[in-house]
Amino acid sequence: MSKKFKLSLVVFIILVVSVVMVAGCVPKEKAEEEGKTFNAFLMEPVTLDAAHSQESEGIQVAKQIYDGLVDYNPETLELTAAMAESWEPNEDASVWTFNLKKGIKFHNGRECQAEDFVYSWSRVASKDTASEVAYHLSPIKGFNDCQEGKAGTLAGVKAIDDYTLEVSLDYSYGEFPVTLGHPVFFPVPKEEVEKWGDKFSEYPVGTGPFKFAEWTHDQHITLERFDDYYGDAARLDKVVFNIFADEETGYLEFEAGNLDDCQIPMGKIKEVQDKCGERALINPMLGIYYYGLNMQTEPWKDNVELRKALNYAIHRAIITDVVWEGSRVPATGIIPAGIPGFKENAMPYMFDQLKAKDLLEKAGYPDGKGLPKLTLGYNTGSSHDKVAQAVQAQMKEVGITFDITGYEWGAYLDKIQAEEITFFRLGWSADYPTMDNFLYPLFYSENAGADNMVYYNNSDVDKKLLEARRETDEAKRRKLYQEIEQIVLEDAPIVPIAFYKTTRVIGEDVNGYIRTAMDDTPYERVWFSK
Amino acid sequence: MTRFIIKRLLQAIPVIIGVTLIIFLLMFVLPGDPARMLVQKGASPEVLENIRESYGLNRPWYVQYGKYMCNLSHGDFGTSIRYRKPVLDIMKDHYPNSIRLAVVALIIEALIGIAAGVISAVKRHSFLDIWVTLSTTILVAMPVFWFAMLLQVIFGLKLGILPISGMGDGSWRYYVLPAVALASVHTAFTARVTRSSMLEVVNQNYIRTARAKGLSEIKVILKHALKNALIPVVTLLGLDLGGLIGSAILTETVFSWPGVGRVIYLAILQRDTPVIMGGTLILVLIFILLNLIVDISYAYLDPRIKFEGQKVD
């Protein structure tokens with residue numbers, strides 16, 4: 001054996017050993033198991049027709065089947081392009097032009113073009129469709145004519161050519177593109193809608209990463225990967241949404257290994273966190289739980305000190321920790337974390353009983369004396385009674401006493417709208433991740449009696465809300481909304497209690513799973529490790 | 001026989017009109033606007049009016065009722081306000097599942113309930129009798145949803161021998177736990193009724209005669225005593241099938257069984273009148289049919305009973 005050969009052999013052995021050692025130190029990439037079916041938890045949706053998408057269960061499935069012009073980054077909720085390649089507004093943001101990507105196909109194989117948006121949006125706005133969520137299209141020119149049955153096509157939506165869509169609005173709206181991530185704006189093929197008529201919800205066709213396969217009511221909905229998807233193809237073969245009547249049963253199936261994700265039942269959150277660790281996804285969600293004070297009625301009317309006293313009297317963390325087991329976080333304002341541009345700790349009201357008592361005295365009710373008989377209303381179910389009891393006990397400590405009464409949901413909404421209940425619990429969750437979506441519906445005076453259930457009416461806020469909507473500069477717009485939030489909080493028409501959180505748990509071999517702050521999951525990103 | 005059946009079916013018409021009218025009026029009296037329930041956000045007066053208009057909810061109740069009955073006479077059960085699809089389609093999706101589950105539960109109820117009742121009566125004051133009495137008391141006292149969850153945890157999760165929920169591929173294994181849970185209270189009642197009925201019969205002279213003739217005890221009990229003791233039990237079982245379909249909501253919820261009970265319950269919460277009407281009407285028809293079958297079976301069990309309703313001594 002020559003010296004040279006010996007040296008080469010030694011070098012070779014050293015190299016091999018080094019490679020093996022280095023390979024051993026680098027964390028192993030998880031091997032992907034291809035072609036698997038994901039078993040997801042769901043409750044029975046009302047509809048899978050994009051034109052009627054208004055409840056969370058249907059929206060979760062709709063977001064897999066359909067796609068829109070835009071989407072949101074699942075981690076940050078920042079706006080991203082989807083079917084639109086680009087978009088630009090005119091000078092005052094009242095006309096928006098969208099350039100569509102070419103070659104996007106519906107699940108029936110036909111290319112989706114600009115005319116499909118004209119048809120789909122007009123269908124939503126039409127009087128005959130009677131969509132519960134048509135109001136999302138209200139900024140578009142011609143919306144009212146469609147709602148009143150005077151026009152069949154939205155005058156403000158035009159297909160300039162196959163791949164250019166022009167949308168004219170009734171007013172300047174800088175955040176209009178962000179609203180287009182709501183399923184009500186997702187295109188549907190005319191020929192399929194006409195083929196199935198009222199049954200389109202049972203046979204939905206879109207351009208999303210998964211195509212619809214089967215819906216056996218109250219049992220399961222099966223989706224299959226759409227191989228001609230224009231974006232990154234889904235890694236799963238199928239997603240089966242197993243339909244449950246309640247979360248407890250779903251969680252038992254999850255424990256038995258029959259589900260890959262599941263909603264965590266109330267009362268089990270801490271137990272699941274202990275058992276599953278990071279697989280329990282308890283993350284911020286875009287929703288607020290609040291108590292409303294009807295600003296048109298006594299004793300709330302013209303008595304900001306009293307309204308503020310209520311805000312100071314509540315120890316929110318005790319309620320979120322004890323009643324909700326940490327599945328909610330104490331509210332720190334009106335706009336929750338997760339909304340791009342939200343302001344941290346916007347709320348000036350921390351728990352301060354002395355301040356509450358002081359304000360109560362300034363309000364004309366020292367130690368609560370002279371306060372009229374008050375009743376706090378809530379809708380029965382979902383621990384609302386427990387929250388009401390906790391709030392009742394905390395308020396009593398500063399001298400504010402009231403009865404609590406639970407109502408069945410249908411009667412409850414009627415009574416609030418009729419101003420029979422003037423101190424009430426309500427919640428609000430985002431349709432799209434904008435600050436406007438929390439402020440405009442809830443506090444714009446013209447929405448009084450609809451989403452503005454507290455009948456809040458402040459001309460300064462109204463003016464600023466319209467100004468913010470017109471603003472195209474993102475930084476300026478966000479600043480304006482922060483100002484509006486501050487004014488509303490100072491007026492205290494509501495008592496913010498908590499922000500919602502996602503309460504989802506996933507299986508051990510599930511990867512790439514994100515539960516967004518809008519409480520949905522882009523299943524096309526999910527994969528299984530072996 | 002045919003005349004009897006036709007007569008009974010004709011009697012059903014005023015019952016149906018009465019039931020539909022009562023439900024319709026009840027839905028009107030109940031607070032809660034169906035349009036408001038449908039629109040969770042953006043519920044401006046114009047939007048709500050549009051929804052009311054599209055479902056005819058803004059017309060007086062008698063106009064809505066008249067239109068409903070007119071459509072019903074053509075076999076049209078209307079369209080669900082919430083699901084925007086024909087009520088008949090919803091019923092077709094859910095009623096067969098409820099009926100199948102109820103039939104299995106009824107079989108369990110009949111087999112176990114009657115057997116336990118007979119044993120308990122024959123072995124009166126024995127250990128077996130005490131055991132049956134005790135277990136039936138426990139079954140009646142136990143909340144159905146709690147019992148159902150107990151079954152799920154033991155047989156589904158811990159032992160893993162039966163499915164926890166749903167209908168799966170529709171195999172018999174999926175029926176066992178929900179049917180047992182659904183049958184639990186009813187089985188206890190059947191056992192109690194059978195026991196009392198048997199105790200009454202076994203002291204009759206003709207039973208003593210049968211024994212004196214030297215017939216075996218099994219023959220005496222099964223052929224002579226049980227057949228005569230079955231009339232109240234059959235009435236109970238006959239009506240129970242309807243009850244098992246209509247009252248299965250807790251079982252359906254816990255086991256996520258795709259039955260009609262939950263559909264009707266949700267429809268009540270949502271003020272979805274067409275679904276409530278359709279669901280209840282079909283249940284009424286099932287009850288009418290079951291009553292008829294029970295009446296016919298009386299004649300088989302006791303030949304002295306004639307279809308005209310006259311008992312001949």
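**Notebook: chain A overall, strand β14, and some single residues**

I started with A:Tyr455, which has a relative accessibility of 13% and therefore counts as buried, the cut-off for buried being under 20%. I then looked up its backbone and found phi near 55°, a positive value in a residue that is not glycine. A:Tyr455 sits in the loop that runs between α14 (436–443) and α15 (459–470) of chain A. I note here that the model is a predicted one.

**Another positive phi**

I looked up A:Ala492 next. Its phi is also positive, about 50°, although the residue is not a glycine. I place A:Ala492 in the loop between α16 (474–491) and β19 of chain A. Is A:Ala492 buried or exposed? With 1% relative accessibility it counts as buried.

**Strand β19 and its partner β14**

From that loop I went on to strand β19, residues 494–501 of chain A, which pairs with β14(A) in the antiparallel sense over six bridges. I picked out one of the positions: A:Tyr291 has A:Val495 of β19(A) as its bridge partner.

Which other strand did I find joined to β14(A) by bridges? It is β18 of chain A, residues 423–429, which runs antiparallel to β14(A) and is joined to it by seven bridges. Within β18(A), A:Phe424 is the residue that stands opposite A:Gly292.

I also checked how far β14 is covered. Strand β14 spans residues 284–293 of chain A, and nine of its ten residues are buried, so the strand is largely enclosed by the rest of the structure.

**The loop after β14**

I followed the chain into the loop between β14 and α9 (304–313) of chain A, where A:Pro299 has its place. The peptide bond that joins A:Glu298 and A:Pro299 is cis, and I record omega as about 0°.

**Chain A as a whole**

I then stepped back to the totals. Chain A has 16 helices and 22 strands in its secondary structure. Its radius of gyration is 27 Å, close to the 24 Å that the globule rule gives for 530 residues, so chain A is as compact as a globular protein of that length. Taken along the principal axes, the box filled by the C-alpha atoms of chain A is roughly 105 × 60 × 45 Å.

How much of chain A is buried? I have 57% of the 530 residues in chain A as buried. For the contacts in chain A with a separation of 6 or more, I note that 68% come from residues 24 or more positions apart. The exposed area of chain A is about 21,900 Å², with carbon and sulfur atoms supplying 48% of it.

I looked at the charges last. Chain A carries 55 positive and 86 negative charges, and the mean positions of the two sets are 5 Å apart.

**One residue in chain B**

I closed with B:Thr133, which lies in helix α6 of chain B, residues 127–141. Its relative accessibility is 32%, so B:Thr133 counts as partly exposed. Which residues does B:Thr133 touch, not counting those up to four places away in sequence? I found B:Ser120 and B:Arg192. I also took the C-alpha to C-alpha distance from B:Thr133 to B:Gly246, which is 27 Å, with their positions 113 residues apart in sequence.

How values were computed. Residues are numbered from 1 along each chain as its sequence is written. Chains are lettered from A and ligands numbered from 1 in the order in which they are written. This is a predicted model: local features need pLDDT of at least 70, side-chain atom pairs count only at pLDDT 80 or more; totals for chains, interfaces and linings use all residues. Side-chain values use heavy atoms; hydrogens and water are left out. Helices (H or I, at least four residues) and strands (E, at least two) are DSSP runs, numbered from the N terminus. The radius of gyration is taken over C-alpha atoms; the globule rule is 2.2 Å times the number of residues to the power 0.38. Buried means under 20% relative accessible area, exposed over 50%, partly exposed in between (1.4 Å probe, protein chains only). Contact means heavy atoms within 4.5 Å. Accessible areas come from the Shrake-Rupley method with a 1.4 Å probe; for residues, only the protein chains shown count as cover. Lys and Arg count as positive and Asp and Glu as negative; His and the chain ends are not counted. The place of a charge is taken as NZ of Lys, CZ of Arg, CG of Asp or CD of Glu. Two strands pair if DSSP finds at least two bridges between them.
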